[in-house]
Amino acid sequence: MPTTTPATLSPRKKPRQARSAATLDAIFEATIQVLLADGMRALTTTRVAERAGVSVGTMYQYFPHKQSLIYALNERYLEVLADKVEATCQTQAGRPVAEMLAALIETYWRAKTERAEVTRALYRSVVEMDNEALIEAFARRVDAATTAMLGSAPDATFGDVQMVNLALVTVIFGTIRNAFERNLSQAAIDALQVELLAMCRAYVALARR
């Protein structure tokens with residue numbers, strides 16, 4: 001059964017106009033700035049409102065407390081990440097499987113490192129939060145996109161493409177997450193990316209039917 005967002009973490013309302021969406025963008029960016037500057041413990045909706053240039057009342061219209069704000073920020077982050085993965089999968093559809101893997105790894109790695117300090121801050125922000133619904137929604141989108149991409153490869157046919165896809169995305173995403181948690185140097189990250197691609201290509205070579 002699909003999980004749902006906990007009621008206590010749901011935003012009070014969703015933006016329906018461009019102006020409201022811009023306000024929400026400002027709130028999210030301000031939240032990131034406060035997280036980076038002062039950490040999760042020092043973050044409050046009042047401080048975020050001041051940084052975003054909005055009233056506390058406006059903030060409260062969307063988020064009743066900081067937990068709901070952090071939840072929404074992580075939801076936005078995962079939605080953007082899923083958008084990037086889906087776009088890459090659509091672009092790579094019908095290409096050789098080795099090119100697909102290289103593009104997928106590059107896209108995910110670049111998305112995580114564009115603002116590496118933000119990625120790390122968001123990882124830390126949900127340590128004690130029930131974010132299962134967010135992860136499940138992200139996984140559904142990514143699995144659908146990557147499975148369809150692999151299924152379109154002209155040079156590889158898999159007996160169980162869903163299982164092959166699960167193995168690949170687990171290894172790719174898990175490796176990148178581990179690289180962040182270990183705070184590797186850029187040189188080590190670059191080398192690891194090369195090794196990750198080689199490992200995925202070797203696995204695909206064995207998994208082909």
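User: Helices here are DSSP runs (H or I) of at least four residues, numbered from the N terminus. With that in hand, where does N183 sit?
Analyst: Keep in mind that this is a predicted model. N183 is exposed, as its relative accessible area is 54% and the cut-off for exposed is over 50%. As for its place, N183 belongs to the loop between α8 and α9 (186-207).

User: What is the phi of N183?
Analyst: Most residues other than glycine have a negative phi. N183 isn't a glycine, yet its phi is positive, at about 55°.

User: Zooming out, how many helices and strands does the chain have?
Analyst: Reading from the N terminus, the elements go α-α-α-α-α-α-α-α-α. The C-alpha atoms fill a box of roughly 60 × 35 × 30 Å along the principal axes. The secondary structure tally is nine helices and zero strands.

User: What percentage of the chain's residues count as buried?
Analyst: To be buried, a residue needs a relative accessible area under 20%. Out of 209 residues in the chain, the share that makes that cut is 41%.

User: On to the pockets. Which residues are the closest to the centre of the largest pocket?
Analyst: The largest pocket has a volume of about 470 Å³. It's lined by 21 residues, and the closest to its centre are L78, Y108, I135, F138 and R177.

User: Which element supplies the largest share of that pocket's lining?
Analyst: For the largest pocket, the elements that give two or more residues to the lining are α4 (66-92), α5 (97-113), α6 (116-125), α7 (132-151) and α8 (161-181). By type, the lining splits into 14 nonpolar, four polar and three charged residues. The largest share is six residues, and they come from α8.

User: How many charged residues line the second largest pocket?
Analyst: This pocket has a volume of about 340 Å³. Its lining has 16 residues, with I32, Y77, V80, R115 and V118 the closest to the centre. The breakdown is nine nonpolar and one polar, while the number of charged residues is six.

User: Which helix gives the most to the lining of the second largest pocket?
Analyst: The helices that each supply at least two residues of that lining are α1 (18-38), α4 and α6. The most, six residues, comes from α4.

User: Which domains does the second largest pocket lie between?
Analyst: The way to place it is to check where the lining residues come from. Since both domains give residues to the lining, the second largest pocket lies between domain 1 (8-64) and domain 2 (73-207).

User: Y77 is among the residues closest to the centre of that second pocket. What is the length of the polar contact between the side chains of Y77 and T119?
Analyst: T119 is in helix α6. With a relative accessible area of 1%, T119 is buried. Its side chain and that of Y77 are joined by a polar contact of 3.1 Å.

User: Which residue's side chain makes a polar contact with the side chain of T146?
Analyst: T146 is in helix α7 and is buried, at 1% relative accessible area. The contact is 2.7 Å, and the partner is N165.

User: G151 is in α7 too. How far apart are the C-alpha atoms of G151 and T44?
Analyst: G151 counts as exposed, because its relative accessibility is 55%. G151 and T44 are 107 residues apart along the chain, and their C-alpha atoms are separated by 46 Å.

User: And E75: buried, partly exposed or exposed?
Analyst: E75 is in helix α4, and its C-alpha is 19 Å from that of A52, 23 residues away in sequence. The relative accessible area of E75 is 22%, and the range between 20% and 50% has its own label. So E75 is partly exposed.

User: Where does UniProt put the "DNA-binding region"?
Analyst: The unreviewed UniProt entry also carries "domain: HTH tetR-type" over residues 21-81, a stretch that is 80% helix and 0% strand in the model, with end C-alpha atoms 19 Å apart. The span 44-63 is 75% helix and 0% strand, and its end C-alpha atoms lie 11 Å apart. According to the record, the "DNA-binding region" is at residues 44-63.

Key
Residues numbered from 1 in each chain as written. Predicted model: local features only at pLDDT ≥ 70, side-chain atom pairs only at ≥ 80, totals over all residues. Heavy atoms only, no water. 1 Å grid on protein atoms, 1.4 Å probe; cavity = no way out; pocket = protein on both sides within 12 Å on 5 of 7 lines; lining within 4 Å. Points joined across faces, edges and corners; volume = space filled by probe spheres on them. Nonpolar A, V, L, I, M, F, W, Y, C, P; charged D, E, K, R; others polar. Domains from an automatic or database assignment. UniProt positions renumbered as here; feature names shortened; annotations may be inferred. Buried < 20%, exposed > 50% of the residue type's maximum accessible area, 1.4 Å probe, protein only. Polar contact = N/O pair within 3.5 Å; in protein donor to acceptor, adjacent residues only side chain to side chain.
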